[in-house]
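Q: Please take a close look at one part of this structure, and then show where it sits in the whole. I am new to it, so plain terms will do.

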Amino acid sequence: MLRMRLIKAPICVLIPTLNEEAAIFDVIRTLPKRVKGLKVKAVVIDGNSQDRTVARAKKAGAFVLRQTTEGKGAAIQEALEHIQCDYLVFIDGDGTYVSEDLPKLVLPLLEKKADMTVATRLKRQDAGSITVFNTLGNVAFNWLIRFFYGQNITDMLSGYRAISRKKFDDLNLVSRAFEVETEITIEALRNHLRILEIPLYYKRRKGQTKLNPIHDGLRIFKTLVLMIRDTKPLYFFGLLGAVFFVFGLWPASLVLYEKLVLGYVVHLPSTILAAFSFLLAIQIWALGFLADMELKDTQRLEKLLRKSMRR
Ligand SMILES: Nc1nc2c(ncn2[C@@H]2O[C@H](COP(=O)(O)OP(=O)(O)OP(=O)(O)O)[C@@H](O)[C@H]2O)c(=O)[nH]1
Ligand SMILES: [Mg+2]
């Protein structure tokens, strides 16, 4: 990794790569050189590729950083320490996204029409470019976001997006691997950023995938659930508590029916099960209220901190 060398440009295109020699040259060479007169700089953060990725990226004119950590999310975090740009564009190095489309993502930011733009892949794509399994995962995750945040996000896993550096620095990102897009999406929602989705073309990948659908899918799901817990505790614990409450209704109604009709309770264990379920539901709801209070406090502190930093 280059020591404290800062890459400065109005627009930086950040490309994480791991053995992408088949595609990286074209990804970089087909990037527009300028958008509305602003210079575009391609920055590759390479995760120690064993093929000719680095040489091809340099030949194409990109600035290449060597990653010292592991994972796509970690690569992005590491690269950002070396970048001083007003606008950031993220794109994969596997040739799936169309580099020439870059202005479509950047212009809405320059024109202040959005805070973050995201290329959605679902309407226009090559056959077989996204597997059915990955599509189903994406649909389920998008549905969860819509349910908890009320925002119609249609492709939260897209790796082609643009955001101003200022807004990006407000996002609290910690994930190291493929959960990074999930984290960016939820953090953007938490920060009330105006997200604009733009349907763009998605091509079949060149070279080998680095994503393991089961392992990485589970990690993405875990990140999503934990972030919902932390950012929407009332909904999260409210729903969890409701599950136990509804579960307790069946034994409770049985016991109540017996008491009212027969005058005595036949299924005594059902009384215990009902009481246990209701108590658990109440405890989970109480936890939700406490977590919500804590969240509101943190939000107030965060706001104050940002205000004082701006002064
Ligand atoms: N620097 C770095 N880049 C990585 C690492 N893992 C993956 N990448 C890059 O991140 C980008 C996205 O990875 P992909 O394997 O294309 O994952 P995906 O786009 O979710 O899945 P498919 O395109 O369907 O295979 C690619 O450019 C990879 O080379 C890593 O550990 N370090
Ligand atoms: Mg890809």
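A: Two helices count as roughly parallel when the angle between them is under 35 degrees, as roughly antiparallel when it is over 145, as roughly perpendicular from 65 to 115, and as oblique otherwise. The part chosen here is helix α8, which covers residues 213–231. The model is predicted, and local features need pLDDT of at least 70, side-chain atom pairs pLDDT 80 or more, while totals for chains, interfaces and linings use all residues; side-chain values use heavy atoms, without hydrogens or water. Residues are numbered from 1 along each chain as its sequence is written, with chains lettered from A and ligands numbered from 1 in the order in which they are written.

First, the whole. The protein has 10 helices and eight strands (DSSP runs of H or I with at least four residues, and of E with at least two, numbered from the N terminus). Its C-alpha trace spans about 85 × 50 × 35 Å along the principal axes. Of its 311 residues, 45% count as buried (under 20% relative accessible area; over 50% is exposed and in between is partly exposed, with a 1.4 Å probe and protein chains only). If contacts between residues at least 6 apart in sequence are taken, 76% of them join residues at least 24 apart (a contact is heavy atoms within 4.5 Å).

Now α8 and its partner α5, which covers residues 132–149. The two pack at an angle of about 0°, and their axes are 11 Å apart (axes are lines fitted to C-alpha atoms, for helices over the stretch in contact, and angles between N-to-C directions run from 0 to 180 degrees). α5 and α8 are therefore roughly parallel to each other. On the α5 side, Phe133, Asn134, Phe141, Leu144, Ile145, Phe148 and Tyr149 take part in the contact. Facing them in α8 are Pro213, Ile214, Gly217, Ile220, Phe221, Leu224, Met227, Ile228 and Thr231. By class, 13 residues of this contact are nonpolar, three are polar and none is charged (Ala, Val, Leu, Ile, Met, Phe, Trp, Tyr, Cys and Pro are nonpolar, Asp, Glu, Lys and Arg charged, and the others, Gly among them, polar).

The next helix, α9, covers residues 233–261. Here the packing angle is about 110°, with the axes of α8 and α9 5 Å apart. That makes α8 roughly perpendicular to α9. From α8 the contact takes in Val225, Ile228, Arg229, Asp230 and Thr231, and from α9 it takes in Pro233, Phe236 and Phe237. Five of the residues in this contact are nonpolar, one is polar and two are charged. Ile228 and Thr231 of α8 thus appear in the contact with α9 and in the contact with α5.

Elsewhere in the chain, helix α3 (residues 72–80) has eight of its nine residues buried, so it is largely enclosed by the rest of the structure. Those buried residues are Lys72, Gly73, Ala74, Ala75, Ile76, Glu78, Ala79 and Leu80. Their cover includes the strands β1 (7–17), β3 (38–46), β4 (63–66) and β5 (83–90), together with the helices α6 (165–169) and α7 (180–190).

β5 also borders a loop, which runs from it to α4 (102–110) and holds serine 99. Serine 99 has 2% relative accessibility and counts as buried. Leaving aside residues up to four places away in sequence, serine 99 touches Asp26, Val27, Thr30, Leu31, Pro32, Ile91 and Tyr160. Arginine 52 is 47 residues from serine 99 in sequence, and their C-alpha atoms lie 20 Å apart.

Two more loops border β3. Lysine 36 sits in the loop between β2 (34–35) and β3, and its phi is near 50°, a positive value in a residue other than glycine. Lysine 36 is exposed, with a relative accessible area of 60%. Asparagine 48 lies in the loop between β3 and α2 (53–59). Its phi is also positive, about 60°, although asparagine 48 is not a glycine. With 40% relative accessibility, asparagine 48 counts as partly exposed.
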